[in-house]
Amino acid sequence: MNVVLRRLRADEEEAWRALSMRRYADDMIENAGLEEGAARRKADEDFARALPDGIATAGHAVFAVETEGGERVGHAWLADRELQPGRRVGFVYEIYLEKEQRGKGYGRAAMRALEAEAEELGLRRVELNVFGGNDVARALYRSLGYREVAVYMGKDLA
């Protein structure tokens, strides 16, 4: 199973951004315990900080994930980030597949394609964040050789 990563066009940005921000906020509500208003505000702030120039922001690439036949099955967002002085990585902000396209190998293929993009940028490491409740994604990443380097835990007492 192969996919093609195609840079998102300017006319696709608004729809991508709305979906991506909504999904991010929903994940924070479901998996991080944020209330809806706080999650929506944080999504707005995080996107504004990460992409001040939208998809034209230097160091960031937002892709449509397509089959080799040109069918769009999702999208992905990769950035060249310096996490510490002198330590640059390819950072996967997002990988998303349409519900009906999940379980077909497109996620694995998209991650491999993102890794190839990072290598083309001269990066030797890819990192990402994933919410603890996203067991399917965590299993995919582990199967691709990613290992958890930090785990944030919590417990409700009442």
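**Entry: strands 2 and 3**

I began with the pairing of strand 2 and strand 3 (residues 72-84) in this predicted model. The two strands run antiparallel, and 7 bridges join them. I picked out one pair: Val62 stands opposite Trp77 in strand 3. Then I looked at the turn. Strand 2 and strand 3 form a hairpin with 4 residues between them. Gly70 sits in that turn and has a positive phi of about 95°.

Next I checked the other partner. Strand 1 (residues 3-7) also pairs with strand 2 in the antiparallel sense, over 5 bridges. Here Arg7 stands opposite Phe63 in strand 2.

Is strand 2 buried or exposed? I went through strand 2 (residues 60-67) and found 8 of its 8 residues buried, so the strand is largely enclosed by the rest of the structure. In a regular strand the side chains alternate between the two faces of the sheet. I therefore sorted strand 2 by side: His60, Val62, Ala64 and Glu66 are buried on one, and Ala61, Phe63, Val65 and Thr67 are buried on the other. Both faces are covered.

**Entry: the nonpolar cores**

I looked up the largest nonpolar core, which has 26 residues. Val3, Val65, Val92, Met111, Leu114, Tyr141 and Tyr146 touch the most other members. Which elements give two or more residues to this core? I listed strand 1, strand 2, strand 3, strand 4 (87-97), helix 3 (106-120), strand 5 (126-128) and helix 4. Helix 3 gives the largest share, 7 residues.

I followed Tyr146 further. Leaving aside its neighbours within four places in sequence, Tyr146 is in contact with Met111, Glu115, Val126, Leu128 and Tyr141. Another core lies apart from the largest one and has 10 residues. Leu8, Ala50, Leu51 and Ile55 are among them.

**Entry: helix 2**

I turned to helix 2 and its length. Helix 2 has 15 residues and reaches 21 Å from its first C-alpha to its last. That is close to the 21 Å expected at 1.5 Å a residue.

Which residues of helix 2 are buried? I noted Ala39, Ala43, Asp46, Phe47 and Ala50. They cover an arc of only 95° around the axis, which puts them on the same side of helix 2. I then asked what covers them. The cover includes helix 1 (10-32), strand 2, strand 3 and strand 4.

**Entry: salt bridges**

How many salt bridges does a search of the whole structure find? I got 17. Side chains of opposite charge can pair when their charged atoms come close. I looked at three pairs and one network.

The first pair is in helix 2. Lys42 forms a salt bridge with Asp46, and the closest N and O atoms are 2.8 Å apart. The two residues are 4 residues apart in helix 2 (residues 36-50), so about one helical turn separates them. Asp46 has 14% relative accessibility and counts as buried. Lys42, at 33%, counts as partly exposed.

The second pair is Glu127 with Arg125. Their closest N and O atoms are 2.6 Å apart. I found Glu127 buried, at 15% relative accessibility. Arg125 is partly exposed, with a relative accessible area of 40%.

The third pair is Arg138 with Asp135, at 3.9 Å from N to O. Both lie in helix 4 (residues 135-143), 3 residues apart, about one turn of the helix. Arg138 counts as buried at 18% relative accessibility, because the cut-off for buried is under 20%. Asp135 is exposed, with a relative accessible area of 52%, because the cut-off for exposed is over 50%.

Last came the network. Salt bridges link Arg6, Arg9, Asp11, Glu12, Glu66 and Arg72. I had already met Glu66 among the buried residues of strand 2.

**Entry: two glycines**

Where is Gly86? I found Gly86 in the loop between strand 3 and strand 4. Gly86 counts as exposed, at 72% relative accessibility. I then compared its place with that of Gly105. The two are 19 residues apart in sequence and 34 Å apart in space, C-alpha to C-alpha.

Technical notes:
Residues are numbered from 1 along each chain as its sequence is written. This is a predicted model: local features need pLDDT of at least 70, side-chain atom pairs count only at pLDDT 80 or more; totals for chains, interfaces and linings use all residues. Side-chain values use heavy atoms; hydrogens and water are left out. A salt bridge is a side-chain nitrogen of Lys or Arg within 4 Å of a carboxyl oxygen of Asp or Glu. Buried means under 20% relative accessible area, exposed over 50%, partly exposed in between (1.4 Å probe, protein chains only). Two strands pair if DSSP finds at least two bridges between them. A nonpolar core is a set of buried Ala, Val, Leu, Ile, Met, Phe, Trp, Tyr and Cys residues joined through side-chain atoms within 4.5 Å. Contact means heavy atoms within 4.5 Å. The expected span of a helix is 1.5 Å times one less than its number of residues. The arc is that of the directions from the helix axis to the C-beta atoms.
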